[in-house]
Amino acid sequence: KLPDINLFKYNSQKISGEREMVFKFEETPRVMIVESRYYEEISDNLLSGAKKVLEDNNIEYDVHRVPGSLEVPALIKYAIRALSFNIHMERYDAYIALGCVIRGETSHYDIVANESARALMNIGQQYSLAIGNGILTVENKDQAVVRSDPDQKNKGAEAAEAALNMLMKKQEFGLFPRYQK
C-alpha cells in the first residue's frame, strides 16, 4: 500500500455524473504535453482540459507544439532520444498527446489517424511510457468541438487522466519514481 503523501484529486463532470480521480504519487511527476496546432480552436480546448487536470493536482508540465498529429509521436520520441545525448536533461514521467484529425474526402484521414495512434502505442510499449492519447479522430468539426470543449466531453482532461493513471500503474510495478528510496 502506498503512503498517502502527495494525494492528488481531480473532479470532472461527465455525462454519467460526477467522479473523483485520485492520484497518489511518491514524488511529484513531470509531464510533457505535445499539442498539434493544425486545428487551433480544437487544440486550445484540448490543452485547456489537460492543463486543468495537471494544475489542479500541482503536477509540473511543459507544453510543446507541433504542426500536425503525425508529428506528435515523433516529438515524444525526440524527448526520449535526447536523454541519450544530454545526461543533464530532465526526464518526463508521463506524456499527453493532443490533436485532432477530421475526416475529409480522401484517405489521408485514415493514414493520419491510424499512424499517429500506432506510433504512440509503439513508443509507449517500447519505452514503457505512460501516455494519454488525446488525438481526436472525428467525422466533422462539430464533433471535434464537442469532444474538445472542457464544458462538454473534455477529451483533453481524459487524456491527462489516462496518462496519470498509467503513471500510477508504473508506480505500482516499481517503475516510478525511478530512484526508489
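# A walk through the strands, cores and charged pairs

E5, helix H3 (residues 108–127) and E6 make up a β-α-β unit that is right-handed. This unit is a convenient place to enter the structure, which is a predicted model. The protein as a whole has five helices and six strands. Followed along the sequence, these elements come in the pattern β-β-β-α-β-α-β-α-β-α-α. Of the 181 residues of the protein, 44% count as buried.

Begin with strand E5. How many of the nine residues of E5 are buried? The count is nine of nine, so E5 is largely enclosed by the rest of the structure. Burial can be followed on each face of the strand. On one side, Ala 94, Ile 96, Leu 98, Cys 100 and Ile 102 are all buried. On the other side, Tyr 95, Ala 97, Gly 99 and Val 101 are buried as well, which leaves both faces of E5 covered.

Next come the strands that pair with E5. E5 and E6 run parallel and are paired over eight bridges. Within E6, the residue opposite Val 101 is Thr 137. E5 also pairs with E3, again in the parallel sense, over five bridges. Here Val 31 stands opposite Ala 94 in E5.

E3 leads on to E4. Seven bridges join these two strands, and E3 and E4 run parallel. Val 31 appears again, with Tyr 61 as its bridge partner in E4. To get from E3 to E4 the chain passes through H1, and this β-α-β crossover is right-handed. Val 31 therefore can be located from two sides: it has Ala 94 opposite it in E5 and Tyr 61 as its partner in E4.The nonpolar cores come next. The largest of them has 29 residues. Those with the most contacts inside this core are Phe 25, Val 31, Leu 54, Ile 96, Leu 98, Cys 100 and Leu 164. Several elements each supply at least two of its residues: strand E2 (17–24), E3, helix H1 (40–56), strand E5 (94–102), strand E6 (131–138) and H5. Which of them gives the most to this core? It is H5, with seven residues. Another core, of 20 residues, lies apart from the largest one, and its members include Met 32, Ala 79, Ala 97 and Ala 113. Strand E5 has already shown Ile 96 on one face and Ala 97 on the other. Ile 96 is listed for the largest core, while Ala 97 belongs to the core of 20 residues.

Charged side chains are the next topic. The structure holds 13 salt bridges. One of them joins the side chains of Arg 65 and Glu 35, at 2.9 Å from N to O. This pair links distant parts of the chain, with Arg 65 in strand E4 (residues 60–66), Glu 35 in strand E3 (residues 30–36), and their positions 30 residues apart. Is Glu 35 buried or exposed? Its relative accessibility is 0%, so Glu 35 counts as buried.

Another salt bridge is formed by the side chains of Arg 37 and Asp 44, at 2.7 Å from N to O. Asp 44 has 41% relative accessibility and therefore counts as partly exposed.

A further salt bridge lies in a helix. The side chains of Lys 169 and Glu 172 meet at 3.5 Å, N to O. These residues are three apart in helix H5 (residues 155–172), so about one helical turn separates Lys 169 from Glu 172. Lys 169 is partly exposed, with a relative accessible area of 42%. Glu 172 is exposed, because its relative accessible area is 51% and the cut-off for exposed is over 50%. Elsewhere, salt bridges with shared partners connect Glu 35, Arg 37, Glu 40, Asp 44 and Arg 65 into one network.

Aromatic rings complete the tour. The whole structure contains three aromatic pairs. One of them is Tyr 38 with Tyr 39, an edge-to-face pair with 4.9 Å from centre to centre and 80° between the planes. Tyr 38 is exposed, with a relative accessible area of 60%. Tyr 39 has 26% relative accessibility, so Tyr 39 counts as partly exposed. A ring can also have a charged group over it: Arg 30 lies over the face of Tyr 92, at 4.1 Å from the ring centre.

Methods. Residues are numbered from 1 along each chain as its sequence is written. This is a predicted model: local features need pLDDT of at least 70, side-chain atom pairs count only at pLDDT 80 or more; totals for chains, interfaces and linings use all residues. Side-chain values use heavy atoms; hydrogens and water are left out. A salt bridge is a side-chain nitrogen of Lys or Arg within 4 Å of a carboxyl oxygen of Asp or Glu. Helices (H or I, at least four residues) and strands (E, at least two) are DSSP runs, numbered from the N terminus. Buried means under 20% relative accessible area, exposed over 50%, partly exposed in between (1.4 Å probe, protein chains only). Rings of Phe, Tyr and Trp (its six-membered ring) pair if their centres lie within 6.5 Å; planes under 30 degrees apart count as stacked, over 60 as edge-to-face and the rest as tilted. A charge sits over a ring if NZ of Lys or CZ of Arg is within 6 Å of the ring centre and within 35 degrees of the ring normal. A nonpolar core is a set of buried Ala, Val, Leu, Ile, Met, Phe, Trp, Tyr and Cys residues joined through side-chain atoms within 4.5 Å. Two strands pair if DSSP finds at least two bridges between them. A crossover is right-handed if, with the strands pointing away from the viewer, the path from the first strand over the helix to the second runs clockwise.
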